[in-house]
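Colleague: I should be grateful for a close look at one part of this model, namely its aromatic ring pairs. Please give the criteria along with the description.

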Amino acid sequence: MKKIIIGLCALLLALGFGRMEAQTSMLQDIAVMNFHYEPTDLTAKRYVVKDNNGVAGAVIKLLVRDTTFIVEPNLGLLRRESKAGEICLWVPVGTKRLTIRRYGLFPLEYIIPEKIESKEVYYAHMVGRENSVVKPAKENEKPAPVTKPQVTQKPPKSEKTIATLKQQPVKKKVNTMKKYQTRFFLGAGYQFTPDPGLSFSLGFNADHHIVEAGATMALSKTDSTYYYSNTTWLSTYSYQLVKPFLRYGYEIRTKGDIAFACTPSLGLQSVLSFGSGRYNERIGLHTVKAYKSGMAMSVSMALRLALCLGKHFDWYVRPEYNIAAYKSDGYKLMMNGHDTFKNWSEGFSMGTGIVVTF
């Protein structure tokens, strides 16, 4: 009886050692080799996946012919993407172990030899017998559930090789408003209605907003003759008109070297008149002073339509309408003597000119 018990024990030990050897051989069917940090791969920086604490994870790429393996990091899996020839794993910072499962094989517990840092990429090769995996996984086998991560940018859906991903340049954000930085300009124009005059201006364009200051000067003097009664000549004066202005506008411009621009604007302008001449002593000194100078204020609304030739030269047409807001007593007296004074302070006007930007 004692011999029988000893024989059974020996048989059980033999079967146990045999099963251990079988498990060892099965575990040796798959291995992870050449685990290393890859600084040239920017996948983890382009496609950031954060954990529950808001920390961006890292990417581990397992290069393998068969992508049906189930891989479970010890700190959890943030995201998984299977491509041709590789398994991309988004893992939390500080991951130290990978558990790799496969039908027909015992789980492989792989200890990561390097420290896993945020937004970095690591490569590893999974190999088996003859550098391949023989047995396919069952069709009804489902991968382990993955927690939903906080993704700031979705990874690409197209299947790209590792070499193509490495060669992909980093896209830089382009500031489309650079060409609309503050630019100064000089303008020169000609007013042909209702009365002719030359205009000069200086201004700047800051991100489509235009501020412009200048003046328009009459080309010819205005002669006014005043009569007291019974065609008795009293005085004759010759006046020069100058119109300083300040405008604000917003430019809408099309793209291209040859473009069109539309600039509605609103402004204030002051009409100043300066006179000199002879007078009859019957008029009196006070009346003469009233005739010598005058001023009017008006609000202008305009629409400048421009043809833009390159970045530095514009040719424009500018229709404008002026609304009188204030007229001095001297200016009112001059309006009664000549219509030119009214035309310069109120009503419709039209001009053209060029703008040089630098």
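Modeller: The account below turns to the aromatic pairs and then to two charges placed over rings.

This is a predicted model, in which local features need pLDDT of at least 70 and side-chain atom pairs count only at pLDDT 80 or more, while totals for chains, interfaces and linings use all residues. Residues are numbered from 1 along each chain as its sequence is written, and side-chain values use heavy atoms, with hydrogens and water left out.

A pair of aromatic rings is described by the distance of the centres and the angle of the planes. Rings of Phe, Tyr and Trp (its six-membered ring) pair if their centres lie within 6.5 Å; planes under 30 degrees apart count as stacked, over 60 as edge-to-face and the rest as tilted. The structure holds 5 aromatic pairs. One of these is the tilted pair of Tyr37 and Tyr122, at 5.7 Å centre to centre and 50 degrees between the planes. Tyr37 belongs to strand β1 (residues 30-37) and Tyr122 to strand β9 (residues 121-128), so the pair ties together parts that are 85 residues apart in sequence. Strands here are DSSP runs (E, at least two residues), numbered from the N terminus.

Relative accessible area (1.4 Å probe, protein chains only) is termed buried under 20%, exposed over 50% and partly exposed in between. Tyr122 is buried at 2%, whereas Tyr37 is partly exposed at 34%. Ring pairs link both tyrosines with Phe35 and Tyr110 into a cluster.

A charge sits over a ring if NZ of Lys or CZ of Arg is within 6 Å of the ring centre and within 35 degrees of the ring normal. Arg247 lies over the face of Phe245, 3.8 Å from the ring centre, and Arg304 over that of Tyr316, at 5.5 Å.

Definitions and conventions:
Helices (H or I, at least four residues) and strands (E, at least two) are DSSP runs, numbered from the N terminus.
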